[in-house]
Amino acid sequence: LTSREFHPSDTIVEVGDLKIGEGHFVMMAGPCSIEDLDQIMECARIAKEGGATVLRGGAFKPRTSPYAFQGLEEEGLKYIRQAADHYDMKVITEVMDEANLPLVCQYADILQIGARNMQNFKLLQAVGKTGMPVALKRGISGTIDEWLNAAEYIANQGNMKIIFVERGIRTYETATRNTFDLSAIPVIKKLSHFPIIADPSHGVGVWDYVPSMAIAGVAAGADGLIVEIHPNPAEAWSDGQQSLNEKNYLNMMEQVNIMNDAM
Ligand code: PEP
Ligand code: MN
C-alpha cells in the first residue's frame, strides 16, 4: 500500500484545507516542548510570520532521561490548540502511546510518531485506525525499508494519510547530533507515493547548521519542513541548542523561499 508500484501517482495528504504533497512546500515550526501559554503563543506568532501553516510542539516528550522534563500533557495540548486557532494554523504534536491517543486526537490535526516509536507496531496500528494524518518519523537507526514497513502498518488499517519525516539517523559521527540523511528524500519519493518532509533540527541538532540543511531539504524535493524555534533558545526546556530564534528563523525562511521558487 505504501509503495509506488501499488499507487503510481503522488498521494496528497489533506489536513483540513491544507494539502501536503501537492507541489508547493508546507512549513511547520514551533518549539520542541510546549512550556506555557505565553511561550507557545509567541512561537505561533513567529512561526506564522515566517510562513508556517502548521504549529509544532510536544506535550508528551520522549526524553532520554526519566528525570528530564516529560511534557505538560493535556495542559500543553490545550495551549497549543489555543495558539494555533488564534493564528489560524494546524497542530502537529507527538503521541507516545496508545493510552493517550484518544486525548491527543482531540487536540491535534496531525499525529506525530516519534523516532523512538517508529517500530511500535501496536501504536502504528492504533494511529492507522484513527484515520488522522500521521507524520511518521524515521527511527534513530531505522533503515528505509524498515521505515516503509512501519508506514505499511498504518496504511493497512485503512489510513492513507501518511507523511514521512526524515530526522537524521545515528552514525559514528559526533559533530552533529544525528546524520541528516538528505538522500532519504529522493529515495522515499521514488519508492513511495506518500509525501516526505525534512526535520533538519533533529537532523543536525545544532541551530547554526539548520538553515543550510533546510534549504538542502527543499532542494532535494521535500514536500515540507518541520523546524524547532523558540523565543529564547537558551532558556528552552528541551532542544534549545537546535532551536532557531526569531531572527534566525526569519532569515532562514527567506533563503528557503528563494530555493522553493527556484524549484
Ligand atoms: C521532537 O520532534 O521533538 C522529537 C522528539 O523528535 P524525534 O522523535 O525525531 O527525536
Ligand atoms: Mn525536539
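Let's start with Asp88, which counts as exposed because it has 9 C-beta neighbours inside 10 Å. For burial, C-beta atoms are placed from the backbone, and a residue is buried if 20 or more other C-beta atoms lie within 10 Å of its own, exposed if 12 or fewer, and partly exposed in between. Asp88 sits in the loop between α2 (74–86) and β5 (90–94). Helices here are DSSP runs of H or I with at least four residues, strands are DSSP runs of E with at least two, and both are numbered from the N terminus. The phi of Asp88 is near 55 degrees, a positive value in a residue other than glycine.

Before going on, a word on what we are looking at. This is a predicted model, where local features need pLDDT of at least 70, side-chain atom pairs count only at pLDDT 80 or more, and totals for chains, interfaces and linings use all residues. Residues are numbered from 1 along each chain as its sequence is written, while chains are lettered from A and ligands numbered from 1 in the order in which they are written.

Now to another aspartate. Asp239 also has a positive phi near 55 degrees, and it is found in the loop between β10 and α9 (246–262). Is Asp239 buried or exposed? Asp239 counts as buried because it has 20 C-beta neighbours inside 10 Å.

Let's move to strand β3, residues 26–30. Five of its five residues are buried, so β3 is largely enclosed by the rest of the structure. On one side we have Val26, Met28 and Gly30, on the other Met27 and Ala29, and all of them are buried. What does β3 pair with? One partner is strand β10 (residues 224–228), in the parallel sense over five bridges; two strands pair if DSSP finds at least two bridges between them. Within that pairing, Met28 stands opposite Ile226. β3 also pairs with strand β4 (residues 54–56), again in the parallel sense, over two bridges, and there Ala29 stands opposite Leu55. Helix α1 (residues 37–49) joins β3 and β4 in a right-handed β-α-β unit. Right-handed means that, with the strands pointing away from the viewer, the path from the first strand over the helix to the second runs clockwise.Back in β10, have a look at Leu225. Leu225 counts as buried because it has 27 C-beta neighbours inside 10 Å. Its C-alpha atom is separated by 8.0 Å from that of Ala29, although the two are 196 residues apart along the chain. Leaving aside neighbours within four places in sequence, the contacts of Leu225 include Phe25, Met27, Ile197, Ala214 and Val256. A contact here requires C-beta atoms, placed from the backbone, within 7 Å.

Leu225 also belongs to the largest nonpolar core, which has 80 residues. A nonpolar core is a set of buried Ala, Val, Leu, Ile, Met, Phe, Trp, Tyr and Cys residues joined through C-beta atoms within 7 Å. Leu55, Ile80, Leu136, Ala151, Ile163 and Leu225 touch the most other members. Helix α5 (residues 144–155) gives the most to this core, with seven residues. In soluble globular proteins, nonpolar side chains tend to be buried together. Ile163 touches, among others beyond four places in sequence, Val13, Pro133, Leu136 and Phe194.

On to β7 (134–137). Val134 and Leu136 point one way from β7, Ala135 and Lys137 point the other way, and all are buried. Three bridges join β6 to β7, which run parallel, and Gln112 stands opposite Ala135. The chain crosses from β6 through α4 to β7 in a right-handed β-α-β crossover. On the other pairing, four bridges join β7 to strand β8 (residues 162–166), also parallel, with Ile162 as the bridge partner of Val134. The crossover from β7 through α5 to β8 is right-handed too.

Which residues of helix α4 (residues 121–130) are buried? They are Leu123, Leu124, Ala126, Val127 and Gly128. These buried residues pack against α3 (101–107), β6 (110–113), β7 and α5. Just after α4, Gly131 takes a positive phi of about 75 degrees.

Last stop, ligand 1. Around ligand 1 we find Cys32, Gly58, Pro62, Gly114, Ala115, Arg116, Lys137, Arg167 and His202; each has its C-beta atom, placed from the backbone, within 6 Å of the ligand. Lys137 is one of the buried residues of β7 that we just met. By class, this shell has three nonpolar, three polar and three charged residues. In that count, Ala, Val, Leu, Ile, Met, Phe, Trp, Tyr, Cys and Pro are nonpolar, Asp, Glu, Lys and Arg are charged, and the others, Gly among them, are polar.

Notes: Contact = placed C-beta atoms within 7 Å.
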